[in-house]
Every structure is written in structure tokens, then in C-alpha cells.
There are 2 protein chains.
Amino acid sequence: MSLLVVGSVALDSVRTPFGVRERSLGGAATHFSVAASFFTDVGVVAVVGDDFTDDDLQVFRERRISIDNLERVPGGKTFRWTGEYGFDLNTAKTLDTELNVFADFAPKLSDAAKRSPFLFLANIQPSLQKEVRQQVDARFVAMDTMNYWIERTRDELLETIKVVDALIINDAEARELAGEANLVRAARKILALGPQMLVVKRGEYGAALISRDSYFATTAYPLESVFDPTGAGDSFAGGFMGYLAQAEQIDLSTLRRAIVYGSVMASFNVEEFSCDRLRRLTPDEIRERFLQFKEFSHFEL
Amino acid sequence: MSLLVVGSVALDSVRTPFGVRERSLGGAATHFSVAASFFTDVGVVAVVGDDFTDDDLQVFRERRISIDNLERVPGGKTFRWTGEYGFDLNTAKTLDTELNVFADFAPKLSDAAKRSPFLFLANIQPSLQKEVRQQVDARFVAMDTMNYWIERTRDELLETIKVVDALIINDAEARELAGEANLVRAARKILALGPQMLVVKRGEYGAALISRDSYFATTAYPLESVFDPTGAGDSFAGGFMGYLAQAEQIDLSTLRRAIVYGSVMASFNVEEFSCDRLRRLTPDEIRERFLQFKEFSHFEL
């Protein structure tokens with residue numbers, strides 16, 4: 001496969017101001033791989049329990065996502081997350097997390113997986129991310145993380161950041177990681193840790209790509225109905241990495257388009273619960289929204 | 001004059017993490033007019049006390065801003081604001097406000113002022129804004145407001161919004177005014193109140209221009225050193241209105257460039273206390289930063 005992702009496959013229960021969905025397919029690796037599957041062939045490294053049904057697998061099959069590296073633990077229970085969004089939809093309140101089989105997750109990679117040229121380390125324990133990174137002889141590696149790891153396993157996290165090309169995090173995390181309120185200075189500190197680039201997710205404000213000598217920012221799609229923000233960041237990363245994996249070369253121009261495709265995929269993902277919207281998404285819809293992003297930012301000199 | 005602004009001229013005392021400045025020239029009409037003066041001829045409608053010195057007037061003279069409509073109240077004291085910014089610089093904490101001569105401000109306009117084709121109603125009591133608006137036979141009128149008026153004088157405010165072309169407010173204010181967390185829906189409600197367009201200021205995330213059938217967004221300039229955010233919104237509005245006032249026609253293309261010039265002026269304004277940075281700004285610097293904004297948002301299809 002061209003693109004490999006390691007991360008959670010979960011069963012989510014989500015409450016938003018617009019509805020409730022119990023036990024729906026979720027997890028970072030799920031949202032990532034479904035989004036990326038519109039651009040390239042993707043494989044998932046994850047673990048589930050035997051409560052994970054054939055129906056749950058259906059999305060992966062439909063999108064031709066490789067589940068060769070999806071481990072199933074007999075007698076185990078799949079990772080479960082229960083969360084709630086308030087009126088402004090900006091921050092999820094976690095009501096319950098059951099790690100279940102994820103607590104002892106030791107990623108096992110097939111030989112084919114180890115040869116993936118593109119690798120995404122979704123938000124899991126930094127030492128696991130590093131372990132996977134070292135097994136894959138990838139050409140381009142990106143990772144996500146979160147405040148939990150920044151606060152509790154900082155040293156491990158810094159070791160992992162050192163060995164990736166891109167760090168994809170939200171702006172509060174970037175500020176916290178760098179201990180610096182100004183985002184430009186925070187980015188400079190983070191780039192000094194090793195990565196070539198920082199991709200900053202800004203929710204409804206869009207995303208930015210910051211490298212040592214360039215800055216690019218895009219707005220988010222101006223959605224009138226954000227229905228369920230769960231997986232926005234992961235589908236963003238999926239669009240970004242998926243687009244890169246199918247490109248002929250990774251130059252600044254490609255990276256910028258990848259940021260916009262990431263934003264496109266995130267904007268579709270939040271329109272419905274779980275992967276519902278992406279399951280009936282078409283390449284034409286993706287392209288159309290991509291062109292709209294061009295229009296949103298265009299001005300003549 | 002081409003562009004008239006009514007609003008506060010103040011003496012500010014500001015504390016930021018980087019320093020303290022006592023009794024420096026401030027106020028919405030000041031920041032607005034200084035920024036706009038790089039594009040067109042501007043006049044200020046405001047009131048000061050006799051503690052307002054010749055030195056305080058110097059900035060207006062340097063920038064050839066008309067003070068024919070700047071009233072001086074004998075024995076009166078100029079409006080004073082004391083504020084403080086924390087580490088993240090996003091929100092000012094007001095420590096003290098002395099309205100002084102501003103409490104009884106009744107804007108008086110010269111005949112020349114009444115013929116200004118462009119008018120900006122800076123953040124003051126909505127009934128005063130409307131009074132001025134009705135005296136000026138302007139071609140294009142924009143206004144600012146704040147949470148204080150949204151909460152306390154909502155009906156008056158709605159009457160004023162009805163008679164302007166553009167409302168220029170920050171995103172929290174737009175949501176509060178519309179009673180709607182989703183910005184796109186909030187914008188739709190606000191446009192239904194009368195204005196042709198809503199300009200949303202998003203601080204470090206940039207600005208957006210929303211009309212009934214178009215959406216444009218720009219990032220903010222990625223500054224490594226935001227020194228003092230006071231006046232950012234007003235210098236933004238000054239760049240926006242100043243650029244419009246010198247343009248041959250107001251079409252979507254002009255409006256988009258105006259949003260970017262507004263962002264350029266705001267980015268310079270926050271680099272130093274008061275109007276210090278704008279006093280030594282050059283047209284070449286403005287143009288150079290404008291071109292950088294183009295580069296920040298550019299991607300190929």
C-alpha cells in the first residue's frame with residue numbers, strides 16, 4: 001500500500017446539539033483512512049475486539065482500505081469513546097473512555113506494510129508511534145498528538161517528533177508544546193525539534209502550513225451546518241497525506257494543495273455522524289469543493 | 001474629504017507583557033484615520049478636552065488628517081482608557097474607562113464633512129452613529145460596534161445597522177448579535193438586517209468578507225512579535241475604508257483587496273505602542289506586505 005496509518009479504530013457514542021448516535025464507527029485511523037482512500041491505497045494498523053462486527057468492517061471494504069494489519073483480539077472489547085459537543089461545537093467533552101484492547105496494543109506490521117512510502121502516526125502514545133515509525137522505511141512521515149501526551153510523556157514525544165517530517169496538530173497544542181503563545185515563534189521552536197514542517201489545524205478558522213522559510217494558510221469551508229466535529233482533524237490529515245501519496249513529487253506547491261484537500265475532506269466529514277457523509281462522497285464533489293477553496297481566497301493584485 | 005470617521009480620540013494607558021505606555025494617543029478614530037491616511041484624505045469627527053496637547057495633535061498633522069471636525073471642550077478632559085493584555089494578547093482587560101468629554105459628545109459636522117462620499121462609524125453609541133450617518137450623504141457607509149451595545153441598546157443598534165452598507169465586527173460579536181453559534185448562519189441573519197456585507201475580524205486568524213452570494217477569507221499576517229493589539233480592529237477598518245475610498249469602483253474585486261489592505265494595516269499597527277509604527281510606515285512597506293498576503297494564500301489548481 002502507498003499509505004499506512006497507525007491509530008485507533010473505535011466505537012463512538014456521540015451527542016451533539018443536533019442528535020445522538022450510539023456505537024458508531026470512529027477512531028482516528030478510521031476517519032483518516034476513509035478520507036485518504038479517495039486519493040490513494042491505504043492500510044490501517046490497529047486493534048479491535050470481537051465485538052467489532054462485519055458491519056463495522058463494511059466501510060473499510062467499501063473504500064478498499066487494507067485491513068491486513070487490523071488485529072482482532074478474541075474475547076477483547078473494542079476501544080470505546082463517549083463524547084458530547086455543546087452549542088458552539090468547538091470542543092468535545094469526553095464523557096467516557098474505555099481503552100479495552102487498545103490498552104495493550106502492540107502494533108504488528110506485515111512486510112508489505114513496512115514498505116509503505118507514506119506513513120501517518122495518528123494520536124496514540126508517542127513510544128508506540130516511534131516504534132511503528134522505526135519499522136517502516138517511509139519516504140514521508142507525519143504524526144498527530146494531543147495535550148495528554150504533551151503533558152504526561154513529553155520526553156517520549158520529543159523523541160518521536162524528531163523522526164517525522166511533519167507534525168499535524170491544532171494551534172492550542174502547538175502553543176502548549178512550545179510553551180509559547182505566539183504561534184509563529186511556537187512554530188519556530190517546534191521546527192527546531194526536527195520536523196521539516198508544522199501543519200496547524202485551526203478548526204473553523206482553517207489550517208496553516210509552516211516551514212522554515214514559508215507560510216501558507218487556508219480558511220476552512222464556511223459550513224452552515226457542522227453536524228458532528230468528531231474526526232475532523234483525522235479526515236484533514238487523511239486528505240493531506242492521501243493527496244501527497246499520489247503526487248509525483250513533494251514540493252511546496254504539492255504540500256499547499258494537500259492542505260486544501262485536507263480541509264475539503266474535513267469539511268465533508270463534519271457534515272454527518274461517523275463516516276456517513278464520506279461513504280457517499282464522490283470525486284466530483286471533492287474537486288468542486290477544492291475549486292471553491294480557490295475562489296474563497298482569491299484576490300487580484 | 002473623501003473619507004470621514006466618527007469615533008473616539010483617546011489617551012490610553014496600556015500594559016502588555018512587553019512593556020507599559022502611559023497616556024499615549026489612542027481611540028478608534030485615531031487608529032482608523034492614521035491607517036486610512038495612507039490611501040486617501042480623511043477627516044475625524046471627535047471630541048477632546050483641553051488636556052489634549054499640540055503634541056497629541058502632531059500625528060494628525062503629519063498624516064494630513066483633517067481635524068476641522070475635532071471639537072475641543074474648554075475645561076474638559078479627554079476620554080481615557082486604561083487596559084492590560086495578558087500573555088496571549090487576545091483579549092484586553094479594561095482596568096479603567098473615563099468617558100470625560102465623550103459622555104456628552106454631540107457630533108458637529110462641517111458642510112465639507114457632510115459631503116464625504118465614504119463614512120465610517122467607529123464603535124460608539126448606536127444612536128450617535130445613526131445621527132451622523134443621517135447627516136452625511138455618503139456613497140458607502142461602514143460601522144463597527146461591540147458587545148456592550150449589542151447587550152444594552154440592541155434596538156437602537158438594529159436601527160443603525162439597517163442604514164449602513166457594511167458591518168465590520170469581530171466574530172464573537174457577530175455570533176452574539178445573531179444569537180447563532182455558526183458563523184455562516186449568523187452572517188445570513190445579519191445580512192437580513194440590512195447591510196450588503198459583513199466583514200468579520202478574527203484577530204490572529206485573519207478576516208472574512210461575507211455577502212449574500214460570496215465568501216472571502218484571508219489569514220492574518222503571521223507576526224512573530226505582536227507588541228500591542230490596541231487599535232488592531234480600527235486600523236484594519238482604516239485600511240479597508242481607505243482603500244475603497246480611493247478605488248474607482250466598489251466591486252467584489254476591490255472589496256477583497258480592501259480586506260487584505262485592512263489586514264496589512266492592522267499587522268503594522270500591532271507591532272508597536274499607539275501609532276508609533278504607522279508614523280514611520282512607508283507606502284513601499286504596505287505594498288510589500290500586501291504582496292506577501294498573496295503569497296500566503298496562493299496554491300495552484
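Guide: Welcome! A salt bridge here is a side-chain nitrogen of Lys or Arg within 4 Å of a carboxyl oxygen of Asp or Glu. This is a predicted model, in which local features need pLDDT of at least 70, side-chain atom pairs count only at pLDDT 80 or more, and totals for chains, interfaces and linings use all residues; side-chain values use heavy atoms, leaving out hydrogens and water. Residues are numbered from 1 along each chain as its sequence is written, while chains are lettered from A and ligands numbered from 1 in the order in which they are written.

Visitor: How many salt bridges does the rule find across the interface of chain A and chain B?

Guide: Over all chains, the structure holds 42 salt bridges. Across the interface of chain A and chain B, the rule finds 6.

Visitor: Where does the partner of A:E224 sit in chain B?

Guide: A:E224 meets B:R188 in a salt bridge, with N to O at 2.2 Å. The pair crosses between chains, starting from the loop between strand 13 and helix 9 of chain A (helices, H or I, have at least four residues and strands, E, at least two, as DSSP runs numbered from the N terminus) and reaching B:R188 in helix 8 of chain B.

Visitor: Is B:R188 buried, partly exposed or exposed?

Guide: Buried means under 20% relative accessible area and exposed over 50%, with partly exposed in between (1.4 Å probe, protein chains only). B:R188 has a relative accessible area of 49%, so B:R188 is partly exposed.

Visitor: What area is buried between chain A and chain B?

Guide: Buried area is the accessible area (1.4 Å probe) that two parts lose on being put together, summed over both. Carbon and sulfur atoms give 54% of the area buried between chain A and chain B, which is about 3800 Å².

Visitor: Which residues in chain A lose the most area to chain B?

Guide: In contact, meaning heavy atoms within 4.5 Å, are 40 residues of chain A and 40 residues of chain B. Together giving 20% of what the chain A side buries, the residues that lose the most area are A:Y205, A:E224 and A:F299.

Visitor: What relation links the two chains?

Guide: Superposed by least squares on the C-alpha atoms of residues with pLDDT of at least 70 in both, chain A can be laid on chain B with an RMSD of 0.0 Å, by a turn of 180° and a shift of 0.0 Å along the axis. That is the relation of a two-fold axis.
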